[in-house]
Amino acid sequence: MFSDFFKGLKSLFNGHKTVMKQAFQKRVTLEYPEKKRDVSDNFRGRIEIVKDENDKLLCIGCGLCKKVCPCNGVINIEKQTEENGKLHIRYERDEAQCIYCGNCVENCPQKALKFTKEYEFATDVKSELRKIV
Ligand code: SF4
Ligand code: SF4
């Protein structure tokens, strides 16, 4: 009976020792979403379709991003050229299907796509994840 009592006491002591040890360690978790951690420069967040200083898309509608994309139907590009040579691009990405592999960003000859650090775009309205520019 005494041996059980001392075993229990020892285990209680060990449990408290572990708790006290951890209580004074540096925390590895954050109180998200009030506090947020800085993400790395290589972070693959929401993909931005880049425009120049005149608000013109850098995209030339070559379609390479669509070709290298492993997911069918994520990217759709419509391209029209006016008689005066002016180019109109309609670029559509479905963020709900994208797996953020980065193939499109890496292979774009115009550097017209780039990863941002944005990761808070979860929604229960799927259509909000279709980005059209
Ligand atoms: S690869 Fe770049 S330039 Fe070509 S269509 Fe895609 S975004 Fe536009
Ligand atoms: S990141 Fe990958 S899956 Fe997403 S659009 Fe680009 S190529 Fe397709």
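**Close-up 1. Leu 58 and Lys 111, two loop residues of a predicted model.**
Leu 58 sits in the loop between strand 1 and helix 2. With 26% relative accessibility, Leu 58 counts as partly exposed. Now look for Lys 111, which belongs to another stretch of the chain, the loop between helix 3 and strand 4 (113–115). How far apart are Leu 58 and Lys 111 in sequence and in space? Count along the chain and you get 53 residues, but from C-alpha to C-alpha the gap is 7.4 Å. Lys 111 has a relative accessibility of 59%, so it counts as exposed, the cut-off being over 50%. Check its backbone too: phi of Lys 111 is about 55°, a positive value, although this residue is not a glycine.

**Close-up 2. Asp 55, another residue with a positive phi.**
Here we're in the loop between strand 1 and helix 2 (64–68), where Asp 55 is found. Its phi is near 65°, which is positive in a residue other than glycine. Is Asp 55 buried or exposed? It counts as exposed, at 55% relative accessibility.

**Close-up 3. The cis peptide bond between Tyr 32 and Pro 33.**
Zoom in on the bond that joins Tyr 32 to Pro 33: it's a cis peptide bond, and omega is about 10°. Pro 33 has its place in the loop between helix 1 and strand 1.

**Close-up 4. Glu 95 and its salt bridges to Arg 46 and Arg 93.**
Side chains of opposite charge can pair when their charged atoms come close. Start with Glu 95 and Arg 46, a salt bridge whose closest N and O atoms are 2.8 Å apart. Which parts of the chain does this pair link? Glu 95 lies in the loop between strand 3 (87–94) and helix 3 (103–107), while Arg 46 lies in the loop between helix 1 (2–23) and strand 1 (47–49). These are distant parts of the chain, with the two positions 49 residues apart in the numbering. Glu 95 has a relative accessible area of 5%, so it's buried, the cut-off being under 20%. Arg 46 is buried as well, at 15%. Glu 95 also forms a salt bridge with Arg 93, and there the closest N and O atoms are 3.9 Å apart. Like Glu 95, Arg 93 is buried.

**Close-up 5. A network of salt bridges around Arg 90 and Glu 92.**
Which residues are linked in this network of salt bridges? They are Glu 78, Arg 90, Glu 92, Asp 94 and Arg 130. Take the pair Arg 90 and Glu 92: their closest N and O atoms are 2.9 Å apart. Arg 90 is partly exposed, with a relative accessible area of 31%, whereas Glu 92 is buried, at 10%. Across the structure, the count of salt bridges comes to 11.

**Close-up 6. A nonpolar patch on the surface.**
Five side chains are on show here: Phe 2, Phe 5, Phe 6, Leu 9 and Leu 12 form a nonpolar patch. Together they have about 580 Å² of accessible area. Pick out Phe 5, which is found in helix 1. At 49% relative accessibility, Phe 5 counts as partly exposed, because the cut-off for exposed is over 50%.

**Close-up 7. The surroundings of ligand 1.**
There are 13 residues around ligand 1. Which of them come nearest? Cys 59, Cys 62, Gly 63, Cys 65 and Cys 108 do. Sorted by class, the shell has 10 nonpolar and 3 polar residues, and no charged ones.

**Close-up 8. The surroundings of ligand 2.**
Around ligand 2 you'll find 14 residues, and the nearest are Cys 69, Cys 98, Cys 101, Gly 102 and Cys 104. How many residues of each class are in this shell? The shell holds 11 nonpolar, 2 polar and 1 charged. Compare two of the cysteines: Cys 101 is partly exposed, with a relative accessible area of 25%, but Cys 104 is buried, at 8%. A disulfide is a covalent bond between the sulfur atoms of two cysteines. How many disulfides does the structure hold? The count is 0.

Key. Residues are numbered from 1 along each chain as its sequence is written. Chains are lettered from A and ligands numbered from 1 in the order in which they are written. This is a predicted model: local features need pLDDT of at least 70, side-chain atom pairs count only at pLDDT 80 or more; totals for chains, interfaces and linings use all residues. Side-chain values use heavy atoms; hydrogens and water are left out. A residue is near a molecule or strand if one of its heavy atoms lies within 4 Å of it. Ala, Val, Leu, Ile, Met, Phe, Trp, Tyr, Cys and Pro count as nonpolar, Asp, Glu, Lys and Arg as charged, and the others, Gly among them, as polar. A salt bridge is a side-chain nitrogen of Lys or Arg within 4 Å of a carboxyl oxygen of Asp or Glu. Helices (H or I, at least four residues) and strands (E, at least two) are DSSP runs, numbered from the N terminus. Buried means under 20% relative accessible area, exposed over 50%, partly exposed in between (1.4 Å probe, protein chains only). Patches are made of residues with over 30% relative accessible area and no salt bridge: like charges are joined within 9 Å, nonpolar side chains (Val, Leu, Ile, Met, Phe, Trp, Tyr) within 5 Å. Accessible areas come from the Shrake-Rupley method with a 1.4 Å probe; for residues, only the protein chains shown count as cover. A disulfide is a pair of cysteine sulfur atoms within 2.5 Å.
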